[in-house]
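Me: I'm new to this one, so could you walk me through it slowly?

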Amino acid sequence: MKDVLIVGAGPVGLTAAIVLTQLGHDVVVVDGHAEGTNTSRAAVVHSHTLELLEPYGVVDDLVARGVHTPTFTIRDRDALLVGVPFNDLPTRYPYTLMISQADTEAFLLNRLEALGGKVIRPATVTAIAQHDTHVVATFADGEQITARYLVGADGMHSTVREQAGIAFTGGTYAESFALADVRLSGGVPADEVILYFSPAGLVVVAPLPDGMYRIVATVDEAPQHPDVAFVQGLLDERGPVARPAVVESVVWGSRFRVHHRIADSFRHNRILLAGDAAHVHSPAGGQGMNLGIEDAVAVAQRLAQVLTGSPDSVLDEYAATRHRTAEGVVAMASRLTELATARRRAIRNRVMRLAGKLPAVRRTLAWRLSGLDRR
């Protein structure tokens, strides 16, 4: 019998496996996909996330590969509404680290394998049965794995959550989201993450390694594969004016719908949820993967305590604490999305400019966006 079965080998599942394996527990990770992601939907790693990962042997690689962006700004075209500096934060990582999810997963997988762990794939879970002392997962090929506990890190459409009978409460934004990694020239800085507000919707522009930029935008109906003309149209409509950004090429693009949902519970007996299986929200603020990695470290550390003799109530503490944290992050992301599309643009801009001049406001935003308020 395994100590823990982790379903899902994205950043969340891999992080949980690394923590448990490093602490000496027998862990197996399974994933329904034949290969790890070769795309890069999540691209932001915040200060607190790097602090949490520091004991587990992956931070040096992440920091060396990613782009260090010390400032987050909210703009309306060329007008600066709020500037949020991270460089004064009391952390070894006073910046937002921009790095593709593909790179993040690769570094995590390398670390897990260096610890002697591995990922079994493709392995699709079809049924989960809970017993007094263990959980049995059945796979599409009829094979079974028995473990003392199971962690569902298998994303928004989580089979684990569904098998546990846990409701996923919330809704879906009316707009779709376009995502593209592009090469740009023109008036976009290489050391700043920018959230542009516009009556047409928000657009995020952020630097990535290898001279690329990440573009994320709300649109009524995003194309399945955004091309140069489409992304250029977004930036012409919502981005800088004095020095327009010019899209030279689209390296990769996609579309997705964004939900704002939280699982009613993060625990059902011997099943625990983490990451997108437990909560999803708007990409505004770049919190998604970071919140999931926080879940992963927290659930792994608490499972390690229970596996070595601590009371089962430690897992209830995980479920309650992370549920409260998710509620706060989902609410913040929703507020940013609503602000971006507010109809009373002049009033909103005036209020935000005034607020953005207050050091206390900038400091609070820096602490919240970086995750340091969740230390």
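Me: How many residue pairs are in polar contact across the interface of domain 1 and domain 2?
Reply: In this predicted model, the rule finds 0 such pairs with both residues at pLDDT 80 or more, a polar contact being N or O atoms within 3.5 Å, within protein one able to donate a hydrogen and the other to accept it, with residues adjacent in sequence counted only through side-chain atoms on both sides.

Me: And which kinds of residues are on the side of domain 1 that touches domain 2?
Reply: That side divides into 4 nonpolar, 7 polar and 1 charged, where Asp, Glu, Lys and Arg count as charged, Ala, Val, Leu, Ile, Met, Phe, Trp, Tyr, Cys and Pro as nonpolar, and the others, Gly among them, as polar.

Me: What do domain 1 and domain 2 bury between them?
Reply: They bury about 1100 Å², 66% of it on carbon and sulfur atoms, and this is the accessible area (1.4 Å probe) lost on putting the two parts together, summed over both.

Me: Where are the domain bounds?
Reply: Domain 1 covers 2-43 + 100-167 + 264-338 and domain 2 covers 171-258, bounds that come from an automatic or database domain assignment. Residues are numbered from 1 along each chain as its sequence is written.

Me: How far apart are the centres of domain 1 and domain 2?
Reply: Taken over C-alpha atoms, the centres are separated by 30 Å.

Conventions: Predicted model: local features only at pLDDT ≥ 70, side-chain atom pairs only at ≥ 80, totals over all residues. Heavy atoms only, no water.
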